[in-house]
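Please find below my notes on the model under review. They are set out as numbered points and are best read beside the sequence and the structure.

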Amino acid sequence: MNKRNRIINWIGVSLSLPQNKQSEMFYFDKSQNLFFSIHIVDYFMLNENLEIDESTTSSYNKKTENEIVSWIKRIELEDKRIISVPQKGLTDETRKKIEAEKFLDDLSVDIDKTKIWEVEEKISVNIDLTKERTNSGNKKWWEIWK
């Protein structure tokens with residue numbers, strides 16, 4: 001499969017997700033010409049200051065952990081160079097391809113300079129519930145959506 005088709009298929013995964021499904025969010029970083037995704041469990045690693053919480057460990061290496069934290073911070077700060085890939089619940093393969101091509105064209109993405117970020121295959125985030133999290137004193141780790 002050529003690079004363009006790999007990228008179109010990657011975008012197609014996001015396009016096939018129902019709107020506002022938050023298990024995994026897909027993005028394009030214009031400053032790095034890089035497609036990446038953030039899993040909801042990635043947020044569990046962080047405290048309210050968007051730093052790795054002392055009570056969590058993950059299977060990510062430090063470089064990957066730092067990249068994820070950096071992207072989450074930029075997303076939270078609404079960095080205009082981070083573009084959310086739409087989630088439309090599309091099921092038709094032709095429609096997904098058309099929408100993916102339109103997304104690439106609208107952003108003037110140079111396929112030759114663009115990469116897809118790939119993470120380790122098996123991801124785990126562990127939270128030590130015996131340690132107090134460095135979030136606010138009242139907010140529990142499972143209340144991330146509130």
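1. In this predicted model, strand S2 (residues 34-39) pairs with strand S5 (residues 115-116) in the parallel sense, and 2 bridges join the two strands. The register can be followed residue by residue: Leu34 stands opposite Lys115 of S5, and Phe35 stands opposite Ile116 of S5.

2. Strand S2 also pairs with strand S1 (residues 24-29); here the strands run antiparallel and are joined by 6 bridges. Within this pairing, Glu24 faces His39 of S2 as its opposite residue. Strands of a sheet pair through backbone hydrogen bonds, in either the parallel or the antiparallel sense.

3. The hairpin formed by S1 and S2 has 4 residues between its strands. In this hairpin, Asn33 deserves attention when the backbone is inspected, as its phi is positive, near 50 degrees.

4. In which order do the strands of the open sheet lie? The order is S4-S1-S2-S5, which makes a sheet of 4 strands with mixed pairing. Strand S4 (82-84) and strand S5 are the edge strands, each of them pairing on one side only.

5. Is strand S2 largely enclosed by the rest of the structure, or is it left open? It is largely enclosed, because 5 of its 6 residues are buried, where buried means under 20% relative accessible area. For the reader tracing individual residues, side chains in a regular strand alternate between the two faces of the sheet.

6. Helix H1 (residues 3-16) should be viewed together with this sheet. The helix lies across S1, S2 and S5, and H1 runs at about 30 degrees to S2.

7. For the protein as a whole, the model contains 4 helices and 6 strands. Along the sequence these elements follow the pattern α-β-β-α-β-α-β-α-β-β.

8. Some overall values complete the description. Of the 146 residues in the protein, 39% are buried. Among contacts with a separation of 6 or more, 72% are between residues 24 or more positions apart. The accessible surface of the protein is about 9,100 Å², and carbon and sulfur atoms account for 48% of this surface.

Terms used
Residues numbered from 1 in each chain as written. Predicted model: local features only at pLDDT ≥ 70, side-chain atom pairs only at ≥ 80, totals over all residues. Heavy atoms only, no water. Buried < 20%, exposed > 50% of the residue type's maximum accessible area, 1.4 Å probe, protein only. Pairing = 2+ DSSP bridges. Contact = heavy atoms within 4.5 Å. Axes fitted to C-alpha atoms, helices over the stretch in contact; angles between N-to-C directions. Areas by Shrake-Rupley, 256 points an atom, 1.4 Å probe, with all protein chains shown as cover.
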